[in-house]
Amino acid sequence: MFVFACSGEKTEEKEEVQAYAVDGTPLHIPERSDEATTTLTSNLKEAQKNFDDDPSEMNTIWLGRRWAYLSNYNKAIEVFTEGINKFPNSYKLYRHRGHRYISTRQFSKAESDYKKAFEMMDREKIEVEPDGAPNSMNIPLSNTQFNILYHYGLALYLQGKFEEATAIYKECLKYSVNDDLLVATTDWLYMSLMREGKAQEALTFLEPIHSEMTIIENDSYYKRIMMYKGELAKEELLRTDQMDVALSLATQGYGMGNWYLYNGDIAKAKEIFQKVIDTGNWPAFGYVATEVDLYRLKN
């Protein structure tokens, strides 16, 4: 298990340390285009106005999310924390704060938030979660219950609690109600089981994944699974035609490096993991997992 240091003191937004990598390297707000910054800042201003007019649970969530989309995770956590103080039974606020605890490498805090969110969430009525960054078809695909369990499993996985992560991802399958969610959950479940040394059981969960699935968002997870099944060459995972190349490489590269890791080729795993680190896309979950595993391999 690891306990990592996290957020730093507040300074100007561009210079603020948002987190520390697992080796202690400070992580700053990433550079982005002026156009993207303008759009995200405009969205934040709208969220701030809505919150000022009505500081409701949902407006609090959107204010925090808009700060997070600008990669100011410290401010997002601050907003979510203030919201939790006001709405202590809001599993949605715990869901979003936990997400940003993962982004800032505060894995045990994320685990705690998701444990609370899981205990409080509605187990019966699936709640569609609106997208802050809509997909190409403008169709919201995820739901609150899925996001709680998916990120809960991730917080456990990143701490090396693979058996516990497996149990949570199996629960998450209940809320993986479309192909995109199914491939995302299946991928992390497979990796958790492989880390437990349960290869045969891991393979059984790949059976529902097939070549005729309709994937809108999670193409990288889909490709990883098709590679596990032997239906896609490993080298294809490092090729991408997606718009967000750094994100795609972080996601697909981690899957490939991880495959080499639990198949005993440590040198190749390190090589692939370093390619992911070289993208600099530190907020991506694939990057976070790579960072953790590479640190463990070096120490």
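# A guided tour from helix H10 to a pocket beside H13

Begin by selecting helix H10 (residues 219–228): nine of its ten residues are buried, so H10 is largely enclosed by the rest of the structure. Here buried means under 20% relative accessible area, with exposed being over 50% and partly exposed in between (1.4 Å probe, protein chains only), while helices (H or I, at least four residues) and strands (E, at least two) are DSSP runs numbered from the N terminus. The model is a predicted one, in which local features need pLDDT of at least 70 and side-chain atom pairs count only at pLDDT 80 or more, whereas totals for chains, interfaces and linings use all residues. Residues are numbered from 1 along each chain as its sequence is written, and side-chain values use heavy atoms, with hydrogens and water left out.

Within H10, the buried residues to colour are Ser 220, Tyr 221, Tyr 222, Lys 223, Arg 224, Ile 225, Met 226, Met 227 and Tyr 228. After H10 comes Gly 230, which has a positive phi near 80 degrees.

Next, select Trp 188, which, not counting residues up to four places away in sequence, touches Tyr 221 and Arg 224 as well as Tyr 150, Leu 154, Tyr 157, Tyr 169, Tyr 254 and Ala 289; contact means heavy atoms within 4.5 Å. Trp 188 is also one of the residues, together with Ile 102, Tyr 150 and Leu 158, that touch the most other members of the largest nonpolar core, a set of 84 residues. A nonpolar core is a set of buried Ala, Val, Leu, Ile, Met, Phe, Trp, Tyr and Cys residues joined through side-chain atoms within 4.5 Å.

From Ile 102, move out to the whole of helix H4, where Ile 102 is among the buried residues. H4 covers residues 91–103, and twelve of its 13 residues are buried, so this helix too is largely enclosed by the rest of the structure. At 1.5 Å a residue, the 13 residues should span 18 Å, and the end C-alpha atoms are 19 Å apart, which agrees; the expected span is 1.5 Å times one less than the number of residues. To see what surrounds H4, show strand S1 (17–20) and the helices H2 (57–69), H3 (73–86), H5 (107–120), H6 (144–158) and H13 (285–298), against which its buried residues pack.

Inside H4, pick His 96, which is buried with a relative accessible area of 6%. Leaving aside neighbours within four places in sequence, His 96 is in contact with Ile 61, Arg 65, Phe 80 and Glu 129.

Two loop residues are worth selecting now. Arg 105, in the loop between H4 and H5, is not a glycine yet has a positive phi of about 65 degrees, and it is buried, with a relative accessible area of 1%. Ser 71, in the loop between H2 and H3, likewise has a positive phi, near 65 degrees, and is buried at 5% relative accessible area.

Finish at the second largest pocket, which holds about 260 Å³ of space. Of the 16 residues that line this pocket, Ala 21, Asp 23, Thr 25, Ile 277 and Glu 291 are the closest to its centre. On a 1 Å grid over the protein atoms alone, a pocket is an open set of points where a 1.4 Å probe fits, with protein on both sides within 12 Å along at least five of seven lines, and lining residues have an atom within 4 Å of a point; grid points are joined across faces, edges and corners, and a volume is the space filled by probe spheres set on the points. H13 gives the largest share of the lining, five residues.
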